[in-house]
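Could you walk me through this model in my viewer, one selection at a time? I would like to know what to pick next and what I will find there.

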Amino acid sequence: MPNKQQDCIDQQLQDLNNDGVDRRGFLKCMAWAGTGLVWTMSGGIPVSRAFAKNTGREAGKGTDFTFVQISDSHIGFNKPANPDVTATLQTAINKINAMPHTPDFIIHTGDLSQLSKPSEFDTLDQVLKGASAKQIYFVPGEHDMLSDNGDEYLQRYGKGTKGNGWYSFDHKGVHFVGLVNVANLKAGGMGSLGHEQLEWFEDDLKGRSASTPIVLFAHIPLWTIYPDWGWGTDDSEQALSYVKRFGSVTVLNGHIHQIMQKVEGKVSFHTAMSTAFPQPAPGTAPSAGPMKVPVDQLQRVLGITDVNYVVSGRSLAIVDSPLGDSGSSASGNGGGAGVVDSSLG
Amino acid sequence: MTRKTVWLASLATPVVIATLLLLAGSPSVTANDRPSAANAAVKIDNFVFGPQTITVPVGTTVTWTNSDDIPHTAVSTDGVFKSKVMDTDEKFSYTFTKAGTYPYYCSVHPKMTGKVVVQ
């Protein structure tokens with residue numbers, strides 16, 4: 001790896017070290033979590049790469065798999081930040097379909113729609129129907145719960161779920177939990193899981209081996225990114241206390257329409273880009289409203305997240321790729337789960 | 001739907017004014033202090049209710065207008081009133097017939113809070 005790039009990575013690691021973990025400590029954390037994430041800026045495009053020593057896919061491991069996270073499609077939004085969110089969702093799906101291996105499934109981390117309208121959900125379904133991966137797991141965003149306490153969402157996407165739409169499932173040895181933190185929000189607060197869901201979650205993890213990799217996904221970040229804009233979940237700390245004993249925990253969120261990452265102990269947090277429109281970095285604008293960018297740059301700030309789970313490392317490699325780029329570069333990282341965010345552009 | 005609400009509000013206005021005139025003789029009400037008491041406006045802009053606290057006489061109809069690109073609601077914390085979702089430029093009106101303090105928030109973005117004080 002060229003020195004310059006290494007310097008960049010070092011610097012990024014320093015940036016991630018605000019929690020007091022030095023670079024060496026950080027790498028150690030990654031070894032624990034098996035999840036190494038490096039956030040680099042490539043031509044203005046944030047690309048997060050799995051920071052693992054993997055040299056490639058290990059052949060013959062039948063349990064390795066890839067899944068893709070998409071988020072914040074906001075079907076129905078039609079303002080200048082992106083007047084055609086259906087087209088950019090389609091671009092995201094095309095990008096998924098162009099992947100060399102069909103992902104096992106897709107996770108959508110909420111804000112499927114702008115206004116919870118049946119017609120918006122219909123359009124979303126129509127576009128998602130064209131995805132190579134047929135299994136799609138959803139959690140609602142606050143935009144999906146705007147009518148009748150979320151009934152429209154739950155009828156369509158919440159079959160077999162508990163409460164406001166939470167559930168868990170296992171896939172090739174990894175335990176996935178979809179949490180809902182957008183219902184019954186309290187005045188002055190941020191996202192909220194609520195007592196009933198927390199109890200269910202604690203119970204759901206009971207009896208599972210600490211070596212089981214855990215993937216949590218929810219719409220609003222389960223770590224506090226910027227309280228002034230409500231970018232966090234009031235009772236996430238309690239939820240995270242339940243996963244402390246596990247060796248590898250990956251948390252995937254949406255809501256903030258940009259990539260943010262953090263590693264804390266054995267837990268790595270990751271937020272995905274939107275397929276619809278970008279939002280400003282915390283505190284850099286008067287509000288969290290849609291960020292308008294020049295048309296030719298839009299697809300660079302929209303994207304998908306490709307998560308590659310390699311069983312030997314018992315971890316995830318995450319690569320975010322912009323929609324407007326030729327592709328994400330980190331998919332070859334093995335020895336763990338990698339998350340690749342790719343933009344649409 | 002929103003337009004209908006506004007129409008109803010404007011139809012109701014003469015009645016409210018008449019009521020205030022009738023009450024003008026009573027010592028506790030000073031209608032002259034607030035000549036435009038029958039209507040008041042709260043604008044939602046950049047995820048903020050403005051003004052955040054609005055003080056109005058009994059009988060005032062408060063109209064919220066969403067100027068953001070993102071939908072918002074105005075929901076009474078105590079369950080007194082609850083708007084439908086207001087998309088860009090949509091409005092919601094509520095007439096306050098009793099004195100009191102009415103805290104409210106946006107149920108979509110609960111960090112957004114406001115207060116209507118009715119005197």
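Start by selecting Ala210(A) together with Arg245(A), Phe246(A) and Gly247(A): these three are the residues Ala210(A) contacts once its neighbours within four places in sequence are left aside. Draw a distance between the C-alpha atoms of Ala210(A) and Arg245(A), and you should read 5.9 Å, although 35 residues separate the two in sequence. Keep in mind as you go that this is a predicted model.

Where along the chain does Ala210(A) lie? It belongs to the loop that links helix H6 (195-205) to strand E8 (214-218) of chain A. Is Ala210(A) buried or exposed? It counts as exposed, because just 12 other C-beta atoms lie within 10 Å, and the exposed class covers 12 or fewer.

Next, move to Leu216(A). Beyond four places in sequence, its contacts are Val177(A), Leu179(A), Leu222(A), Val249(A) and Val251(A). Colour Leu179(A) and Ala218(A) along with Leu216(A): within the largest nonpolar core, which has 91 residues, these three touch the most other members.

Now widen the selection to the sheet. Six strands of chain A make an open sheet with mixed pairing, and their order is E6-E7-E8-E9-E11-E10. At the edges you will find strand E6 (167-171) and strand E10 (260-264) of chain A, each paired on one side only. Ignoring direction, neighbouring strands in this sheet are turned by 15° against each other on average.

Stay at one of those edges and select E10(A) with strand E11 (residues 267-271) of chain A. The two run antiparallel and are joined by five bridges. To see one such pair, pick Met260(A), whose bridge partner in E11(A) is Thr271(A). As a reminder for viewing, strands of a sheet pair through backbone hydrogen bonds, either parallel or antiparallel.

Then switch to chain B. It holds one helix and eight strands, and from the N terminus the helix comes before the strands, in the order α-β-β-β-β-β-β-β-β. Of its 119 residues, 34% are buried. Among contacts in chain B with a separation of 6 or more, 48% are between residues 24 or more positions apart.

For a closer look, select strand E7 (residues 100-105) of chain B, which has antiparallel partners in strand E5 (residues 75-76) and in strand E8 (residues 113-118) of the chain. Two bridges join E7(B) to E5(B), and Val75(B) stands opposite Tyr105(B) here. Six bridges join E7(B) to E8(B); among the residues to pick is Thr101(B), with Val117(B) as its bridge partner.

How many residues does each chain bring to the contact between chains A and B? Chain B gives 17 and chain A gives 18. Coloured by class, the chain B side shows eight nonpolar, five polar and four charged residues.

Finish by colouring by confidence. The model scores ipTM 0.75 and pTM 0.78. Chain B has an average pLDDT of 80, and 69% of its residues score at least 70. Residues 1-35 of chain B stay under 50 throughout, and the model has 27 contacts beyond four places in sequence for them. Where pLDDT is low, the predicted coordinates should not be read in detail.

Technical notes: Residues are numbered from 1 along each chain as its sequence is written. Chains are lettered from A and ligands numbered from 1 in the order in which they are written. This is a predicted model: local features need pLDDT of at least 70, side-chain atom pairs count only at pLDDT 80 or more; totals for chains, interfaces and linings use all residues. Two strands pair if DSSP finds at least two bridges between them. Helices (H or I, at least four residues) and strands (E, at least two) are DSSP runs, numbered from the N terminus. pLDDT is the predictor's confidence in each residue, from 0 to 100. Two residues are in contact if their C-beta atoms, placed from the backbone, lie within 7 Å. Ala, Val, Leu, Ile, Met, Phe, Trp, Tyr, Cys and Pro count as nonpolar, Asp, Glu, Lys and Arg as charged, and the others, Gly among them, as polar. A residue is buried if 20 or more other C-beta atoms lie within 10 Å of its own, exposed if 12 or fewer, and partly exposed in between; C-beta atoms are placed from the backbone. A nonpolar core is a set of buried Ala, Val, Leu, Ile, Met, Phe, Trp, Tyr and Cys residues joined through C-beta atoms within 7 Å. Axes are lines fitted to C-alpha atoms, for helices over the stretch in contact, and angles run from 0 to 180 degrees between N-to-C directions.
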